[in-house]
Amino acid sequence: MTIERRERVEGAPGRFIMERYRDLLPLTDRTPMVTLGEGGTPLVRSRALEAELGLGELWFKLESTNPTGSFKDRGMVVAVAKAVEEGARAVLCASTGNTSAAAAAYAARHGLPAYVLVPGGHVAMGKLAQAVAHGAQVIAVDGSFDRCLQIARQLAAREAVALVNSVNPYRIAGQKTAAFEIADDLGDAPDLLAIPVGNAGNITAYWAGFVEYRHRERSLRTPRMWGFQAAGAAPLVRGAPVEDPETVATAIRIGNPASWRGAVAARDDSAGRIEAVSDERILDAYRRLAQDEGIFCEPASAASVAGLISMAEAGESLRGLTAVCVITGSGLKDPETALRVPTVRREVPAEVGSVARALGWS
Ligand code: F0G
């Protein structure tokens, strides 16, 4: 018996963004259709925060469930495939961690070497572990992410490597698919999209995705875009680059975002906002997501939720609105931040009485 098949895709066909949104992506017959199962991420409804904030509906887009644990996979699956199609022999990026993990994984999948530049001492342990495990050559630079990106751009201009930072348009194209999925899942775009902002590629991509979907009449409207930066790394809020950005949310510890203009356009064209949230508020939202919603994200991801809470406290009316918060990366990326809270008790003897006492049960 012969089984009829659609075009075969290596990996996990059902939820593969390059197949599902092929007509909206810059692919050709020669683009290698290689996947690690990126996209098709869950949209999960809030249990506690929705009512507390007076929202009609609050949803979390769990980009943390992508293969390498962050939204970067959507852009990287396209960028590395296009790099191969265009004959690149290696990929290069600067990264606060997640981009390097994704670049390393997709380069490995295509059999290409990956080179990554990271700000020394400021990358969460899980991300570094990923890049190393996938065999990337990791260079810790004595400088900020912004400096790493400058250097990477200069190197890419003179070597035969593909630069796979979000200055690469294929990254933005791939990341747009998250907006398509949200509109598909909700039946239309939400009223509000809350998103953390670092190098500003993702807010640029989401806005492009929502605009394109409406233009093609696959949705009826576009959302207001609410971007949130960490207070110690908030150049877009200040309106000027920040020389020494600092925040517990190392993923968005960025002082001069490459997609500056894209972020400003997303804000202005959507009648949206870009605001700053303190580290204290980020960590508070991080704990609330984990403990009240069952969602373990990395600190940068919690900036979107911290921002929504701050806006509600500042008197912004959210009544009846449908909002989506983008949960950009997994909490497992940064176990050190999770364990900073003193909740792990010291070891106790291995017997019932001691354990029960330690639990406060006797
Ligand atoms: N959330 C996480 C978990 C990130 O890793 C990043 C960026 C962002 C949010 C912000 O997205 O840069 O598009 O505005 N991480 C990059 C990296 C910079 O190198 O992994 P953005």
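Author: A word on classes before we start: Ala, Val, Leu, Ile, Met, Phe, Trp, Tyr, Cys and Pro count as nonpolar, Asp, Glu, Lys and Arg as charged, and the others, Gly among them, as polar. Please keep in mind that this model is predicted.

Reader: How many residues of each class are in the shell around the ligand?

Author: Happy to help! The ligand is surrounded by 20 residues, and the closest include Asn98 and Thr328. Sorted by class, that shell holds 8 nonpolar, 10 polar and 2 charged residues.

Reader: Which residue has a polar backbone atom 2.7 Å from an oxygen atom of the ligand?

Author: A pair of N or O atoms counts as a polar contact within 3.5 Å. The side chain of lysine 72 places a polar atom 2.9 Å from a ligand nitrogen. At 2.7 Å from a ligand oxygen, the polar backbone atom belongs to alanine 200.

Reader: What percentage of the ligand's accessible area does the protein cover?

Author: Start with one more contact: a polar backbone atom of asparagine 202 lies 2.8 Å from a ligand oxygen. On its own, the ligand has 470 Å² of accessible area, and the protein's cover comes to 98%.

Reader: Where does the ligand sit, and which elements give two or more residues to its shell?

Author: Its place is the largest cavity. The elements giving two or more residues to the shell are helix 4 (98-110) and helix 9 (201-215).

Reader: Why is the protein chain called as compact as a globular protein of its length?

Author: The chain has 15 helices and 10 strands. For 362 residues the globule rule gives 21 Å, so the chain is as compact as a globular protein of that length, with a radius of gyration of 21 Å.

Methods
Residues are numbered from 1 along each chain as its sequence is written. This is a predicted model: local features need pLDDT of at least 70, side-chain atom pairs count only at pLDDT 80 or more; totals for chains, interfaces and linings use all residues. Side-chain values use heavy atoms; hydrogens and water are left out. A residue is near a molecule or strand if one of its heavy atoms lies within 4 Å of it. A polar contact is a pair of N or O atoms within 3.5 Å; within protein, one must be able to donate a hydrogen and the other to accept it, and residues adjacent in sequence count only if both atoms are side-chain atoms. Accessible areas come from the Shrake-Rupley method with a 1.4 Å probe; for residues, only the protein chains shown count as cover. On a 1 Å grid over the protein atoms alone, a cavity is a set of points where a 1.4 Å probe fits but cannot get out, and a pocket is an open set with protein on both sides within 12 Å along at least five of seven lines; lining residues have an atom within 4 Å of a point. A molecule sits in a cavity or pocket if more than half of its atoms lie within 2 Å of its grid points. Helices (H or I, at least four residues) and strands (E, at least two) are DSSP runs, numbered from the N terminus. The radius of gyration is taken over C-alpha atoms; the globule rule is 2.2 Å times the number of residues to the power 0.38.
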